[in-house]
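Colleague: Please take a close look at one part of this model, the aromatic pairing, and set it in the context of the strands around it. How many aromatic pairs does a search of the whole structure find?

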Amino acid sequence: EAGWGISHGNGDVIYLLDGSDSILVQQDYPADAAPVVGTDLRAWGRFPDGTGSFQIVVSSPGESNTLP
């Protein structure tokens, strides 16, 4: 389990780094992107996977991102 997290309900900033810790992508994680535990299948991801803009997508671990 990760020893870090993203602030639910407050928003946050996500950094994607390369192997030498240089910033590849800096992206705001808006407060309204956080799922409501037990009732919501939202996630914050890229659509299409890996290339598109970050937005609310359907939570689908191990599968391609889809829009709600």
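**The aromatic pair and its strands**

Modeller: The model is predicted, and among the elements of the protein strand β2 (residues 23–29) has the highest mean pLDDT, 90, while strand β3 (residues 42–47) has the lowest, 86. Over the protein the mean pLDDT is 82, and 81% of the residues reach 70 or more.

The search of the whole structure finds 1 aromatic pair. Its rings belong to tyrosine 29 and tryptophan 44; the centres are 6.2 Å apart and the planes stand at 90°, so the pair is edge-to-face. The 6.2 Å falls within the 6.5 Å cut-off for a pair, and an angle over 60 degrees is what counts as edge-to-face. Two quantities are quoted because a pair of aromatic rings is described by the distance of the centres and the angle of the planes.

As to location, tyrosine 29 lies in strand β2 and tryptophan 44 in strand β3, so the pair ties together parts that are 15 residues apart in sequence. Tyrosine 29 has a relative accessible area of 8%; buried means under 20%, so tyrosine 29 is buried. Of the 68 residues of the protein, 15% count as buried.

Now the strands themselves. The protein has 4 strands and 0 helices, giving the pattern β-β-β-β along the sequence. Strand β2, which carries tyrosine 29, runs antiparallel to strand β1 (residues 12–17), and 6 bridges join the two. Within this pairing, valine 13 stands opposite aspartate 28 in β2. β1 and β2 form a hairpin with 5 residues between them, and in its turn aspartate 21 has a positive phi of about 65°.

Strand β3, which carries tryptophan 44, pairs with strand β4 (residues 53–58), also in the antiparallel sense and over 6 bridges. Here alanine 43 stands opposite valine 57 in β4. β3 and β4 form a hairpin too, with 5 residues between them; glycine 50 in that turn has a positive phi of about 70°.

The aromatic pair thus has one ring in β2, a strand of the β1–β2 hairpin, and the other in β3, a strand of the β3–β4 hairpin. For the wider contact pattern, take contacts between residues at least 6 apart in sequence: 9% of these join residues at least 24 apart. On the outside, the protein exposes about 4900 Å², with carbon and sulfur atoms supplying 54% of that area.

Notes: Residues are numbered from 1 along each chain as its sequence is written. This is a predicted model: local features need pLDDT of at least 70, side-chain atom pairs count only at pLDDT 80 or more; totals for chains, interfaces and linings use all residues. Side-chain values use heavy atoms; hydrogens and water are left out. pLDDT is the predictor's confidence in each residue, from 0 to 100. Rings of Phe, Tyr and Trp (its six-membered ring) pair if their centres lie within 6.5 Å; planes under 30 degrees apart count as stacked, over 60 as edge-to-face and the rest as tilted. Buried means under 20% relative accessible area, exposed over 50%, partly exposed in between (1.4 Å probe, protein chains only). Contact means heavy atoms within 4.5 Å. Accessible areas come from the Shrake-Rupley method with a 1.4 Å probe; for residues, only the protein chains shown count as cover. Two strands pair if DSSP finds at least two bridges between them.
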